[in-house]
Every structure is written in C-alpha cells, then in structure tokens.
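User: I'm new to reading protein models, and I'd like help with charged side chains. Could you walk me through them?

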Amino acid sequence: MFNIQRIEKEIAGKLISLETGRIARQAHGAVVAQMGETMVLVTAVTAPPRSEDIDYFPLSVDYREKYSAAGKFPGGFMKREGRPSTKEILTARTIDRPIRPLFPDGYFNEVQIMASVISADKDYDPDVLAMIAASAALSISKIPFLGPLGACRLSRVNGKNIMFPTYTEREKSDFNLILGGRRDAINMIEVDAKEVSEDITAAAIQEAHGVIGQICDMVDELTAKCGPQEKEIPLSELDAGLLEQLEKETFDAFYAAYQVVVKADRNAAIEQIIEQAVAKYTASVSHSATKTASDSDEGDDAGVELEHETILCSSTQLKRMFEIIQKKVVKKLLLEGKRPDGRGFEDIRAIDCQVGILPRSHGSALFTRGETQAMVSCTLGTGRDEQIVDGLVDEKGQDFMLHYNFPPYSVGEARMIRGPGRREIGHGALAEKALDQIKPEAEGFPYTIKIVSDITESNGSSSMASVCGGMLAMMDAGVPVKNIVAGISVGLISEPGRYELLTDIIGDEDHFGEMDFKVAGSEKGITAIQLDIKAEGLPHDIMVAALERARQARLKIMKIMRQTIEKPRAQLSEHAPKIVSIKIDPEYIGKVIGPSGKMIRSIQEQTGSLIEIEEDGTVCISCVGGNGHLEARDIIESMTTPPQVGRIYPTAKVVSVKEFGAFVEISPGIEGLCHISELSNDYIKNVEDVCKVGDTIAVKLVLIDEQGRFKLSRKAAMAELEKNKKE
C-alpha cells in the first residue's frame, strides 16, 4: 500500500528526518519533516494556469499551526481554527520568499504549497522544518523547481552559536537568524539582534550556510531514492521577432524616460510610451472570407462574404515584453552610474524629520526620505493593553507592537480597502523587530507601547522609513530607549564580473534590480535584517559588502535624526497614563483585593486610578491626569508594609474621637492615637473642630512605644507634605 522513502541525518547535533510515501500520496509532492517531536507535513501541487492570458507566476504558500498538534484547544468561544495568525502569515512569507525566484522564467502554471504542523513539542519551532519540507516536496515532484533549497536557524547564547535552537535558547539569545539558500549562495535572511556587530552577523551567516549545504544533501538523497520524475515545463513563449522589434522602437525612449527625476513625471513618460506601443501592436486587422456550402449545414448560406479580426499581439504579451525591455534599460542605466533620480550609488535621498505633529498622540513623527514618507504615532498604555498571543507555545502578553499600513493613495492609486495584507503584516513585523531590541525593560518602564506607521507616500523602502519614524515617535513620547536605531535598504545590479550596490533604493530599482537588503541598527550594531533576492542567490562577499554599506548609511541617517530630537523627552505627554509599579508580598494580594474585590474597587474610586495585580505580587498602578497613582501606591504600601516610624499615611481614616485626641486607622486593622496637641499647630478646644469619625486625614507615625502603641501626628504630616509640594 505504501512506498515509503525516508532519510534521517544528524546535522549540528540535531536529528532531522524527511519522509514521503505515507501521507498525502495524491499530491504531486508530499514530505513530512521531523525534529524532536515536532512534525510538519508540506504538500506541493501544480495545475494549469488560471487563464491563457496570464503574465505572472501564481505561486501560493499557506502555513497553518493546528492547536491539536500541541494537544491544545483554541482559546475563545470558537473551537475551530479560523483565519491565519500573524505568526502563520509571517512563516508563509518566509517559505515563499526564497523559493519564488527558483522557477523557470515563463512558467505560469499554478503552484500551491500547503504546510501543516501535525505535531509540536515545547522545544522546536516548526517554521524552519516547513521551509526544508517545502524544498523537498518540490524537488520530488514534477514541478520544475531549480533547487534544492536548504534552511536553518541559528541563535547566539552567551557568545556561542547554536544551530536549531530551542524556544528557551532563543529567549536567552542576543542574535537570531533564519537563513535560506542553496549550496552556492544565499536566498533569504531574517535577523533580529540586540545591537550585534556586522562582523559577528557575517560570521554567523557563513556558519549557517555550511549547514544549508548538508540540508541540500538530504533533499537530494531523498529525491534520488524516490527516482527521477519528468519535469513539466510548459513555458509561455514570447514572439522573439516582435520582442526584438519592440525593443528597437522603445529602448531609447525608455532610456530617456527613466532619467526623469520626479517619480510622477517619470511614470507619466513611461506610461505614454507603453500606451503608444499598445495602440499600435494590439490594433485589429480585418480579413474577409467567403463561406461555401460545405462550411454550412444550410446550403443557401453559400457564397456569403464574412469579416473577422485578428489581434496582432495581446496586451498581456506586450506587458511581459515591456517588463523585459524596461529591465534592460534600468540595468544599463545603473551600470553606467545613472540612477533614475540622479544620485550616486552611495547617496541617500534628502531626509526631513519632524516630531510632535499630532497634538493628542503621546508621541508622533513625520519621516520623509525623498518620495517615501511615514507618519508615525506612539501610544503608551497599561498592562491591560497588552496583545495576548496564543499558539502552539504557551500564551503570553506582547507589550510592544508596531502596525504598518499602506493605503493606496501613497502611490497615487485607488483600490478596495480590505484590511492589512501579508505584505503589510510582514513589513510591520520587520520594523517591530528592529525597534523592540532597544525598548526599555518593563521593570523600569511598565508601559505597553504601540506604534502605528501610516505610509503617506511611497517610492521604495517604506519599512525602513517606519523604523526611523517609529524611533522618532518613541523619543517624542518620552520612552527611555537604550539607543537610537535607523534603517536603510541596499539594492544590487550586476553583470558577469561586476556588481554595484545601490544605497537607499527607490521603487524602480527594487522592481527591476536583483536584491532588497533591509538592515536596521544603532551605532553599536544590527537589530534587524531582511533580505530578499530576485536572482538565484547572493554570494557571501557581496552580502558582507552590503552590510558595510548599510552601516555607513544608517550612521548618516541617525545624525540627521538627532538634529531633530537628540534624546527622549524628559517628561511623558500629559495625555499618557502615569504608571508606578511596586512589589508586595504575594500573601497580601488577598488583603489588597478584599472580599469580592471590595477593597481594590474602593481604592480605585477614591484615587481615580487603575490597579493591576499579578500573581508574583507585582502591582501596576496607573491614572491619566493628577497623582492618583501615587495616592493609590501609598495606600497599598501602607496596607502591605509593617508600620514604620517617620512614614506618612496620607489617607488614614478617623475611627474614633475622644476628648484627648482621635484614633486613626493607618492601614486595615492597624490604629494609632493622634493626640489633640498633634492635630494642628493652632490651639484646638475640641477634637471635632478638626476631624470627625469617618474623615480621611494625613498623619505621620512619630513613635512606637514599648507597648507597641502608635503615636501619630497630623501637624507633622501637614508640614512635610507642604514642604514636598514647594520642592
């Protein structure tokens, strides 16, 4: 029944297996990859093009993590998994990006890759296994895949590189890398790091690339065991003669148009060239013919003159030809040292930074680099505002997030709005990683931070504009960041024996170039990298050169950013919540909450604050406006701390009045005497002239006598509070 083929190999101390022939046998390629108790099933299927007039490669990648794989139920009311999570979307993109360039030009058959996590342990993330299994499934199928492709993850813990790290090891690391590539070159890089130098980064990538070769060997071995399968390569051919003629007629015009500096004018000139050519080459030619008796079921139709039309070339075919011609034009210009906007290879577009542009936001910035612009806001919240993240691993709270939006008007288009797509989620995640590394520790800054980047203009590298704008907005909000971070994208154009790196690429250079290498970091080192390659791979030496080029560029950008705001503002916005955090003995949590929450509600109502208590005794108190958070802190501290001489109790409650003074409750169940002589600096005839039962007054504990009785003073407390107020 089964023709099972299995390859098992120990790589970097981890046992990895690839198996096919047991599950999903009707798919054109199906592989189960396993490491530890984590297993991923990946299938690859191809189908004819959706239409004959298609001009793009319809590759779709779907990755899903079923809760049942980890023995869990989905949270919430619905117990069936629904739309993909952010983690699933990002993993699908991680699979898609390195394999997409590895298909023949002109191959327009539909290809669908589906990755399903079927078992998940508490150690290994399934994402890299899914990348490996996708490469293997394509390699053993009839789909023309120019692989194999390998993938691995590397983390740096205490200065030591660990291949295929566990979740625990990743949490302890200061450098995390996902690498995809072939034996001879790199195809995809994802990095998040805590300001790690370029030298360490390059060395880690080189080390991981050695493991990639071993993964490729595994895939080749599995392919050989399955036997060679004839590859279906139905390529969509272009009319070579028409392409040559079209190139002769339009090349010079495109060459001139691509030297127009302003994007809108450049696009208009290019559009005019295309419209003229389309009008010429899609024109209809009329033909006449005579219908004979043999052509018809009815003999009396014989001899009728008919007319029909022939289209010289379809618009789709022309579109593909224009892409080829424009790519040649842009490549020629760039290799001649002529960038579309007139810059040199290492030049950065003009940059303008503004902060505090949105009055009600806690922090805001407008970052403009050439014709790319990001309007960014920073919002500060409490622990209740954390994003709850659930999945195969334990549920956790996310206290830092960055959301990226790309409205159609940013590129002068009008289209349907359907919420964030995969690209927007991916760009937001990259910028989030870059800034997450330099946010303050929660112990010293117990805020939830949300950054929103709206791209209001776009002409290349809007994700890196979001990094720069997000950094400015955080400083404008007064977030005590560890360092300043900036980001830049580096492109590539090459020919045999020569290559040129392009600093700060624009849209045309990204579209027609060979690489989009996004690097973010501080003066100390890198915080995030994302590499996408349109060629079949990136040699290591070019990658090292690109890292250095990006470092030089971001140092220049940070210098400009500092001219606008040099360091985080000393004070938070008046619209931001004020938060104070204290630690109490967990035994006192019940006392602070009170029966049915009566005590904590009373404190919140009395002070106008919001109180959040965690199981370990951490108490986070917040308020908007005023000093209610400080008042609530004092109340809670008085309830959970043994009475201390010299301490002020600002909200002590009068429980009994006598002729000689008042008995005051300084914390639940703890009372002391405030003698009539300590109620005021003025002469007092009756205690009730100053306070009555049920009143709240401020008192200071001035003495604990030998019998453990507490002596309190209102006038001492009033004097000290007045002194603090003046200071």
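Analyst: Let's look at salt bridges, step by step, in this predicted model.

User: What can side chains of opposite charge do?

Analyst: They can pair when their charged atoms come close. Here, the count comes to 44 salt bridges.

User: Which side chain does Asp508 meet in a salt bridge?

Analyst: Its partner is Arg266, at 3.0 Å from N to O. Asp508 sits in helix H10 (residues 507–512) and Arg266 in helix H6 (residues 263–281), so this pair ties together parts that are 242 residues apart in sequence.

User: Are those two residues buried or exposed?

Analyst: Asp508 counts as buried, at 13% relative accessibility, and Arg266 counts as buried too, at 0%. The cut-off for buried is under 20%.

User: Where does the salt bridge between Arg551 and Glu548 lie?

Analyst: Both residues belong to helix H11 (residues 540–564), where they are 3 residues apart, or about one helical turn. Their closest N and O atoms are 3.1 Å apart. Arg551 is partly exposed at 25% relative accessibility, and so is Glu548 at 33%. Elsewhere, shared partners join Asp341, Arg343, Arg349, Arg369 and Asp504 into one network of salt bridges.

User: What is the nearest side chain of opposite charge to Glu432?

Analyst: That is Lys396, 8.9 Å away. A salt bridge needs the atoms within 4 Å, and Glu432, though buried, has none. Glu432 is found in helix H8 (residues 422–436). Leaving aside neighbours within four places in sequence, Glu432 is in contact with Gln398, Phe400, Met401 and Leu402.

Technical notes:
Residues numbered from 1 in each chain as written. Predicted model: local features only at pLDDT ≥ 70, side-chain atom pairs only at ≥ 80, totals over all residues. Heavy atoms only, no water. Helix = DSSP H or I, 4+ residues; strand = E, 2+ residues; numbered from the N terminus. Buried < 20%, exposed > 50% of the residue type's maximum accessible area, 1.4 Å probe, protein only. Lys, Arg positive; Asp, Glu negative; His and termini not counted. Contact = heavy atoms within 4.5 Å.
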